[in-house]
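Hi,

Here is the structure I promised to pass on. Have a look at it first, and my notes on what turned up follow below.

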Amino acid sequence: MMKKILFVASEVVPFVKTGGLADVAGSLPKYFDKEKYDVRVVLPKYACMKEAFKKDLKYKLHFYMDMNWRNQYVGIFETVYEGVTFYFIDNEYYFNVSAPYSDIVNDAEKFVYFSKASLCMLPQIGFKPDVIHCHDWQTGLVPAFLDHFRKNDEFYQGIKTVFTIHNLRFQGIIDKNRARDIISLPEYYFEGQYLEAYGCVNFLKGGIVFADKVTTVSNTYAEEIKTKFYGEGLEALMNQKAGDLVGIVNGIDYTDFNPETDPHIVKNFNVDNFRKEKKKNKKALQEELGLEVDPNKMMIGIVSRLTDQKGFDLVNHVMDELCQDNIQIVILGTGDKKYENSFLHYAWKYSGKVAALIYYSEPMSHKIYASCDAFLMPSLFEPCGLSQLMSLRYGTLPIVRETGGLKDTVEAYNEYEKTGTGFSFANYNAHEMMHTVRYAEQIFYDKKRDWNKIVEHAMKKDFSWANSARLYEELYETL
């Protein structure tokens, strides 16, 4: 019998995206076995959604829903995109916004409404899922509302829930009195064993407590969040739920990220001809960015949010030293002003060696993945990480810190066994990072045959969504 699955997410590609969560919610559903799974997705109908998609939405129905002391309109729109049905919850009061997220005061009420509406629409549209798969704190109240609904309405009985933590740092924490005002649940739900944490109401905790299974986006991160350093105050709860906690690494869309067909790059290439063709992309990028044109010079790429979490304090600490080496560094991204200004300074100081692109551009990110020899990602913590998967796909060898998904997806080069897909270091230390970068330089310049073998291993790895979908299918079967 076909299993029905509903994904509930606050952002979904291609409709609206601010981070990796949108990639998971939008890309993963189309990779399930369509003969066994009917996977649908629900998201808010934001005003800031891309116009091209808005005109394809079809009005389905509307109803009114109790939001504690008032009724709220719930409109349901629908579209089918790449074989997957997407539902959009319409309410101008909450979703007429210029960006999906603003501040916790507004976001809390907005996502209480979204979570409840996602459940209330199901009997209205005649779709009863076997499993509701919720993503991050914005949907943390779905399992809590479902727990309450099951006690009063036969329709909701038998529905199971999976809750995925994409980043434990973001939890959706609000004042308890404010929570009572906007969350229409009985008083006991606001107690310590349920939604309450440290005197406040915590949406993420609600998702973890009430879900039948909890997943996070890599095996290593699933272990890390049981410790005080990574647990963000919820490590005791994560240990309590350990029996229902599973790590499943994210994937990337192998159609969008394909060096053989990528329209954004100057020269397409594959695992058989990269030795000759890949460097043509590097030469073109050097010319475009005003770097010294030398296709044999090692180029290191960075595509990232420029924040502490991503390890840029380490990079800053040794940037002057690194720039003495025979390398070029290309940085693409925005974030904390201190890092934006710092990289602009280094681009000025080491003109011809460093390019700092303080903006974000999808085509430029593809050029960097395709052109660089190595990709630097020294994160303090990284639940999964997608950039290293993209760089592997393009034969650009990741240099990473061994944390979370980076540890699970990048195999450190072993020069004795001739194995590995990149380079890694263990401690959060700037000079350990620099030593690893210099070790990679040594292999690049002195052992070119070995370097090319690592590139080959990297390009042959399969981190497509198809892989992740099989693991989620297995998880759903256990429910």
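C384 counts as buried, because its relative accessibility is 3% and the cut-off for buried is under 20%. Keep in mind that this is a predicted model, so every value here is computed from predicted coordinates.

Does burial come with a bonding partner for that cysteine? Let me put it another way: how far is the sulfur of C384 from the closest cysteine sulfur? The closest one belongs to C134 and is 20 Å away, which is too far for a bond, since a disulfide needs the two sulfur atoms within 2.5 Å. C120 is in a similar spot as far as bonding goes: C120 is in no disulfide, and the nearest cysteine sulfur, again that of C134, is 14 Å away. C120 is buried too, because its relative accessibility is 16%. The disulfide count for the model comes to zero.

Next, the helices. Two packed helices are described by the angle between their axes and the distance between the axes.

Start with α14, which covers residues 362-371. How many of its 10 residues are buried? Seven are, so the helix is mostly covered: M364, S365, H366, I368, Y369, A370 and S371. These buried residues pack against two helices, α11 and α15 (387-393), and against the strands β13 (298-303), β14 (327-332), β15 (354-357) and β16 (374-377).

The α11 partner deserves a closer look. Helix α11 (residues 274-289) and α14 have axes that come within 8 Å and cross at roughly 130 degrees, which makes α11 oblique to α14. The crossing is left-handed. On the α11 side, the contact uses K278, N281, K282, L285, E288 and L289, and these meet M364, K367, I368, Y369, A370 and S371 of α14. By type, the contact residues split into six nonpolar, two polar and four charged.

There is another helix pair to look at, α5 (residues 141-150) with α7 (residues 203-210). They pack at an angle of about 55 degrees, and their axes are 6 Å apart. That angle makes α5 oblique to α7, and the crossing is left-handed. Which residues make the contact? From α5 they are L141, P143, A144 and D147, and from α7 they are F203, G207 and F210. Five of the contact residues are nonpolar, one is polar and one is charged.

Shout if you want to go through any of this together.

Cheers

Methods. Residues numbered from 1 in each chain as written. Predicted model: local features only at pLDDT ≥ 70, side-chain atom pairs only at ≥ 80, totals over all residues. Heavy atoms only, no water. Axes fitted to C-alpha atoms, helices over the stretch in contact; angles between N-to-C directions. Helix = DSSP H or I, 4+ residues; strand = E, 2+ residues; numbered from the N terminus. Parallel < 35°, antiparallel > 145°, perpendicular 65-115°, else oblique. Left-handed = near helix turned anticlockwise from the far one by under 90°. Contact = heavy atoms within 4.5 Å. Nonpolar A, V, L, I, M, F, W, Y, C, P; charged D, E, K, R; others polar. Buried < 20%, exposed > 50% of the residue type's maximum accessible area, 1.4 Å probe, protein only.
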